[in-house]
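The following paragraphs lead through one protein model with a ligand. Please keep the sequence and the structure in view while reading.

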Amino acid sequence: MKYPLLIVTLLRLYLLQMQIQQNVSLKPYNTFGLEATARFFVEIQSVEELKSVLQNSDYQSVDKLFLGGGSNILLTKNFDGLVIKINLKGIKKISEGDSHVYIQAGAGEVWHDLAMYCVEKQYAGMENLSLIPGTVGAAPMQNIGAYGVEIKDIFEELQALNLETLEIETFKLNDCHFGYRESVFKHQFKGKYVITSVTFKLNKVPNYKVSYGDIQKTLAEMNVTDLSIKAVSDAVISIRKSKLPDPAEIGNSGSFFKNPEIPKTQYDELKVKFENIPNYLINETTVKVPAGWLIEQAGWKGFRDGQIGVHARQALVLVNYGGGTGEQIKALSQKIQASVLEKFSISLSVEVNFI
Ligand code: EPU
């Protein structure tokens, strides 16, 4: 870089208050608590800062990793490139009609903080998605979901920075091709956009979804007689806390695998041999089987090998007790896949992104 250009770049970075650091530990930035180093690391607080980093000629040819809450990644090695932590903040109401309210949140907002904001303001639709780890910007990437609700059910639109043109583009519901833990950003547009904000369409009159799993049982245990947005959220939080390990205590990234979808004919054959095999019917020809059940039946629930293992209360969650490595967790996940394949002829696909 020529001398004057360097000064201009440094001045711009100084004015934007960004600091590109070197050899930064990513341990605090991934919920597995895995030790790995980023060769370069920067936190950005605005779209302008993000653009400025991407335009910086010093880093144009290095690999980039955009990080939200780090709750869906498995770091298997050091990252020999630039990690950009998205800290775009802000939650605001952008409009309101008779039945809906539109809330826009910056990609770097913590998902659960947004869920709690909506619960407090009595905006309905997000209560079943309480306590999901991660950030708002990461949520549409894999159409996060829990207890019968997915982000697509409350999605209005999102804004994303096109990494080639550095222009902000708007994606409506149909543009995102949401599916079960899927979106266009994991396929056709993988690595091509960074989500900068998401707008949600929330209901002023709640339409409670309480039939899934243990929600009703938990509401009864909580002595709830009059349903409210807060009560449903509290029940979901209670269930999640009882099953899923808190990443602040035990490293994990929630469900490690997706629940596999198999042909109904295969399910019917398995049912003969394994009469208790649970299912969620997708349509007349396809059945979704809980991966947690398959992994438990294959004998892995509560398995521990040194510092890594399979959670004792939810077999779908792999854990790092502290000091385990991403390679070890990856190897364990492959052993689990092999044994589930052998026992059930079902191939489990991974929900977590390997880096
Ligand atoms: N099950 C077992 N053993 C286990 C775990 C589960 O037999 O160790 C059985 C349960 O008894 C139940 C069924 O599997 O019959 C479903 O279990 P659960 O309700 O815990 O949900 P899941 O299908 O395992 C999915 C999501 C979770 C989400 C819950 C609740 C996926 C990959 N996971 O898990 O999402 O919280 O439903 O809606 O779809 C995440 O993606 O990180 C996540 C936690």
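**The ligand and its surroundings**

An oxygen atom of the ligand sits 3.2 Å from an N or O atom in the side chain of Arg240. The model is a predicted one, and the distances and areas in this text are to be read accordingly. Two further side chains place an N or O atom beside an oxygen atom of the ligand: that of Asn259 at 2.8 Å, and that of Tyr280 at 3.1 Å. On its own the ligand has 810 Å² of accessible area, and the protein covers 82% of this. Three elements give two or more residues to the shell around the ligand, namely strand 8 (145–146), helix 6 (229–243) and helix 8 (291–297). Of these, helix 8 gives the most, with 3 residues.

The ligand is surrounded by 23 residues, and the closest of them are Tyr147, Tyr180, Arg181, Glu296 and Ala315. Sorted by class, the shell holds 10 nonpolar, 6 polar and 7 charged residues.

**Domains**

The protein is divided into three domains: domain 1 covers 5–86, domain 2 covers 91–243 and domain 3 covers 251–354. Where does the ligand lie with respect to domain 2 and domain 3? Both domain 2 and domain 3 give residues to the shell around the ligand, so the ligand lies between them. The centres of domain 2 and domain 3, taken over C-alpha atoms, are 25 Å apart. Contact between domain 2 and domain 3 involves 8 residues of domain 2 and 9 residues of domain 3.

**Glu351 and Glu182**

Arg181, one of the closest residues to the ligand, leads on to Glu351. The side chains of Arg181 and Glu351 make a polar contact of 3.3 Å. Glu351 is found in the loop between helix 9 (326–344) and strand 20 (353–354). Is Glu351 buried or exposed? Its relative accessibility is 6%, so Glu351 counts as buried; the cut-off for buried is under 20%. Not counting residues up to four places away in sequence, Glu351 touches Asn72, Gln142, Arg181, Ser255, Phe256, Phe257 and Lys258.

Glu182 lies in the loop between helix 4 (173–176) and strand 12 (193–203). Along the chain, Glu182 and Glu351 are 169 residues apart, while 9.6 Å separates their C-alpha atoms. With neighbours within four places in sequence left aside, Glu182 is in contact with Met141, Gln142, Asn143, His177, His187 and Lys258. Gln142 and Lys258 thus appear among the contacts of Glu182 and also among the residues that Glu351 touches. Between the side chains of Glu182 and His187 there is a polar contact of 2.5 Å.

**Gly106 and Ser95**

Gly106 has its place in strand 7 (residues 100–106). With a relative accessibility of 7%, Gly106 counts as buried. The C-alpha atoms of Gly106 and Lys89 are separated by 4.6 Å, although these residues are 17 residues apart along the chain. Leaving aside neighbours within four places in sequence, the contacts of Gly106 are Leu88, Lys89, Gly90, Val136, Thr196 and Ser197.

Ser95 belongs to strand 6 (residues 91–96). Its relative accessible area is 34%, and Ser95 is therefore partly exposed. Once neighbours within four places in sequence are left aside, Ser95 is in contact with Val101 and Tyr102. The C-alpha atom of Ser95 is also 9.7 Å from that of Lys201, which is 106 residues away along the chain.

**Positive phi angles**

Two residues remain to be looked at for their backbone. Asn23 lies in strand 1 (residues 21–25), and its phi is near 45 degrees, a positive value in a residue other than glycine. Asn23 counts as exposed because its relative accessibility is 56%. Leu131, another residue that is not glycine, has a positive phi near 65 degrees. Leu131 lies in the loop between helix 3 (111–121) and strand 8. At a relative accessible area of 26%, Leu131 is partly exposed.

How values were computed. Residues are numbered from 1 along each chain as its sequence is written. This is a predicted model: local features need pLDDT of at least 70, side-chain atom pairs count only at pLDDT 80 or more; totals for chains, interfaces and linings use all residues. Side-chain values use heavy atoms; hydrogens and water are left out. A residue is near a molecule or strand if one of its heavy atoms lies within 4 Å of it. A polar contact is a pair of N or O atoms within 3.5 Å; within protein, one must be able to donate a hydrogen and the other to accept it, and residues adjacent in sequence count only if both atoms are side-chain atoms. Accessible areas come from the Shrake-Rupley method with a 1.4 Å probe; for residues, only the protein chains shown count as cover. Helices (H or I, at least four residues) and strands (E, at least two) are DSSP runs, numbered from the N terminus. Ala, Val, Leu, Ile, Met, Phe, Trp, Tyr, Cys and Pro count as nonpolar, Asp, Glu, Lys and Arg as charged, and the others, Gly among them, as polar. Domain bounds come from an automatic or database domain assignment. Buried means under 20% relative accessible area, exposed over 50%, partly exposed in between (1.4 Å probe, protein chains only). Contact means heavy atoms within 4.5 Å.
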